[in-house]
Amino acid sequence: MSVTIDDHLDRVNWTELKERLVADGFDNGRSPTALQKSFENSQFVAFAWYDDRLVGMARLLSDGVCAAYLLDVWTSSACRRMGIGSALMTYLAERVPGQEIGLNTEDAHRFYLKLGFFPRPMFMAKVIGDFLDNDANRS
């Protein structure tokens with residue numbers, strides 16, 4: 001399987017991607033427009049393509065100095081355990097040398113440990129108002 005990784009937002013059909021995320025149980029409720037905006041507003045993005053089919057994605061927020069945060073790492077369930085997730089992580093990590101990459105995951109601990117990530121004692125979060133109740137998700 002020959003997969004290519006790029007950062008071309010214009011190749012993504014956001015409505016189709018949203019449908020695929022829902023089908024894969026990886027949807028957090030963003031509309032296609034809000035999903036697109038999330039990626040457009042990220043410093044670094046990565047998309048994995050098999051032929052013309054999107055099979056993976058991830059994005060990274062960074063301060064450009066010491067800290068980056070990894071989000072929305074997804075590989076199509078039909079294409080898991082083929083190295084696509086690792087390729088996405090390598091692609092993004094190369095863009096933030098010297099920075100610590102943080103992430104939050106509920107179920108992919110073994111995957112990230114194999115890539116050299118290590119646990120931190122605590123991750124905390126706060127939602128302002130109701131989750132996804134904002135202008136970006138209303139369109």
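**Exercise 1. Work out what caps the N-terminal end of α1, and what comes after the helix.**

Solution. Start with N13, which caps the N-terminal end of α1: one of its side-chain oxygens sits 3.2 Å from the backbone nitrogen of T15. Keep in mind that we're working with a predicted model here. Now go to the other end: α1 is followed by G25, and phi of G25 is positive, near 70°.

**Exercise 2. Sort out the buried and exposed residues of α1, and find what covers the buried ones.**

Solution. Step one, list the buried set. Helix α1 runs over residues 14-23, and W14, L17, K18, R20 and L21 are buried in it. Step two, look down the axis: these buried residues fall within an arc of 165°, so they line one face of α1. Step three, check the other side of the helix, where E19 and A23 turn out to be exposed. Step four, ask what sits on top of the buried face: the cover includes α2, β2, β3 and β4.

**Exercise 3. Do the same for α3: name its buried residues, say how they are placed around the axis, and say what they pack against.**

Solution. First, the list: I84, G85, L88, M89, Y91 and L92 are the buried residues of α3. Next, the arc: they span only 160° around the axis, which puts them on the same side of α3. Finally, the partners: the buried residues of α3 pack against β1 (3-6), β2, β3, β4 and α4.

**Exercise 4. Place S42 in the fold, decide whether S42 is buried or exposed, and trace its contacts.**

Solution. Begin with the address: S42 lies in the loop that links α2 (32-40) to β2 (44-50). Then take its relative accessible area, which is 9%. The cut-off for buried is under 20%, so S42 counts as buried. Now for the polar partners. A polar atom of the S42 side chain lies 2.7 Å from the backbone oxygen of S38. The S42 side chain also makes a polar contact of 2.9 Å with the side chain of R59. To finish, set aside the neighbours within four places in sequence: S42 is then in contact with R59, L60 and L61.

**Exercise 5. Two residues other than glycine, D72 and R81, have positive phi. For each, find where it sits and whether it is buried or exposed.**

Solution. Take D72 to begin with. Phi of D72 is about 55°, and this residue is found in strand β4. Its relative accessibility is 14%, so D72 counts as buried. Over to R81, where phi is near 65°. R81 is in the loop between β4 and α3. With a relative accessible area of 84%, R81 is exposed.

**Exercise 6. Describe the largest pocket: its volume, its central residues, the elements that line it and the make-up of its lining.**

Solution. Volume comes before anything else: the largest pocket holds about 1800 Å³ of space. Its lining has 50 residues, and F26, D72, V73, N104 and Y112 are the closest to its centre. So what about D72 from the previous exercise? That buried residue is one of the residues closest to the centre of this pocket.

Next, the elements. α2, β3 (53-62), β4 (67-75), α3 (84-93) and α4 (109-114) each supply at least two lining residues. β4 gives the most, with seven. Last, the classes: the lining divides into 23 nonpolar, 12 polar and 15 charged residues.

**Exercise 7. Describe the second largest pocket in the same terms.**

Solution. This pocket has a volume of about 550 Å³. Its lining is made of 19 residues, with L103, F117, F118, P119 and R120 nearest the centre. Both β5 (100-102) and α4 supply at least two residues each to that lining. Sorted by class, the lining has 11 nonpolar, six polar and two charged residues.

**Exercise 8. Count the cavities of 30 Å³ or more, then identify which residues line the largest cavity.**

Solution. The count is one. The largest cavity holds about 30 Å³ of space. Its lining consists of K18, L21, F26, D27, N28, R30 and L35. By class, that makes three nonpolar, one polar and three charged. Now link back to the earlier exercises: K18 and L21 are among the buried residues of α1, and F26 is among the residues closest to the centre of the largest pocket.

Methods:
Residues numbered from 1 in each chain as written. Predicted model: local features only at pLDDT ≥ 70, side-chain atom pairs only at ≥ 80, totals over all residues. Heavy atoms only, no water. Helix = DSSP H or I, 4+ residues; strand = E, 2+ residues; numbered from the N terminus. Buried < 20%, exposed > 50% of the residue type's maximum accessible area, 1.4 Å probe, protein only. Polar contact = N/O pair within 3.5 Å; in protein donor to acceptor, adjacent residues only side chain to side chain. Contact = heavy atoms within 4.5 Å. 1 Å grid on protein atoms, 1.4 Å probe; cavity = no way out; pocket = protein on both sides within 12 Å on 5 of 7 lines; lining within 4 Å. Points joined across faces, edges and corners; volume = space filled by probe spheres on them. Nonpolar A, V, L, I, M, F, W, Y, C, P; charged D, E, K, R; others polar. Arc of directions from axis to C-beta.
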